[in-house]
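Colleague: I've got a new model open and a pile of "why do you call it that" questions. Mind walking me through it?

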Amino acid sequence: MSARRAEAVRPGDEGVPARTPASPPGTPADPAGIRRSAGRDLDAATLHAVLRLRSDVFVVEQACPYPDVDGQDLAPGTEHVWHVGDGAVRPGELVAVAAALRVLREPGGSAAPRRVGRVVTAATARGQGLSSVLMTDVVERHGHVDLVLDAQAHLEHWYARFGLERVGEEYLEDGIPHVPMRRRGRPG
């Protein structure tokens, strides 16, 4: 991908950073290991690694068959954020993705809420704080607008560490208890 293409902003992608350049991986929870890309700018190897990680955890490990590939990963305004961890490439992959999440822009323009979802960490990378680093990054960059998410209920207190508050009743999604959460935007 050329530098010019990475810097181009397509309609709907305003505020979504261009793909961050690769750099040597830091220590596992080091923010230097964070990578970001607008969905439409992801290369095939990275998109495959992110989707496979999500499938391995959400579909296989959690025994929850559901359509993870939902058409939102490449939609305008979608941002993918991932961490390379220790830089180890999982078998069958070409790039390192140890933890990932995505941020969707809700309808309503640049002041619209951002929906955080698909927060996932590889089994071999858990306990290193990678998802915390990703969530901190999202709050720092998007915290001026409301952040919303549907958390698995057992993770409600973990998300509260980032300023998210429960805003509704617990419900079942694909057989797993979830709670709606929101962090009010803080200008500045």
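Colleague: Let's start with Q152: in which strand is Q152 found?

Modeller: Q152 sits in strand β5. Keep in mind that this is a predicted model.

Colleague: What makes Q152 count as buried or exposed?

Modeller: Its relative accessible area is 14%. Buried means under 20%, so Q152 is buried.

Colleague: And what joins the side chains of Q152 and Q62?

Modeller: A polar contact of 3.1 Å. The cut-off for a pair of N or O atoms is within 3.5 Å, so the 3.1 Å pair fits.

Colleague: Which residues is Q152 in contact with, leaving aside its neighbours within four places in sequence?

Modeller: Q62, I176, P177 and H178. Take P177: Q152 and P177 are 25 residues apart in sequence, yet their C-alpha atoms are 5.9 Å apart in space.

Colleague: Now A63. Why does A63 count as buried or exposed?

Modeller: Exposed means over 50% relative accessible area. A63 has 64%, so it counts as exposed. You'll find A63 in the loop between α2 and β2.

Colleague: What is notable about phi of A63?

Modeller: Phi is near 50° there, a positive value in a residue other than glycine. R118, in strand β4, also has a positive phi, near 55°, and isn't glycine either.

Colleague: Why is β3 described as largely enclosed?

Modeller: Seven of the seven residues of β3 are buried, so the rest of the structure largely encloses it. Both faces are covered: A99, L101, V103 and R105 are buried on one side, and A100, R102 and L104 on the other.

Colleague: How do you know that β3 and β4 pair?

Modeller: Count the bridges: pairing takes at least two, and β3 and β4 have six, in the antiparallel sense. One of the partnerships is V103 with V116 in β4. β2 and β3 also run antiparallel, joined by five bridges, and H80 has R102 as its bridge partner in β3.

Colleague: Last one: what makes up the largest nonpolar core?

Modeller: It has 42 residues, and those with the most contacts inside it are L101, V116, M135, L149 and Y159. Elements that each supply at least two residues include α2, β3 and β4. The largest share, seven residues, comes from α2. As for L101, the residues it touches include V81, V116, V119, L134, M135 and V138. In soluble globular proteins, nonpolar side chains tend to be buried together.

How values were computed:
Residues are numbered from 1 along each chain as its sequence is written. This is a predicted model: local features need pLDDT of at least 70, side-chain atom pairs count only at pLDDT 80 or more; totals for chains, interfaces and linings use all residues. Side-chain values use heavy atoms; hydrogens and water are left out. A nonpolar core is a set of buried Ala, Val, Leu, Ile, Met, Phe, Trp, Tyr and Cys residues joined through side-chain atoms within 4.5 Å. Buried means under 20% relative accessible area, exposed over 50%, partly exposed in between (1.4 Å probe, protein chains only). Helices (H or I, at least four residues) and strands (E, at least two) are DSSP runs, numbered from the N terminus. Contact means heavy atoms within 4.5 Å. A polar contact is a pair of N or O atoms within 3.5 Å; within protein, one must be able to donate a hydrogen and the other to accept it, and residues adjacent in sequence count only if both atoms are side-chain atoms.
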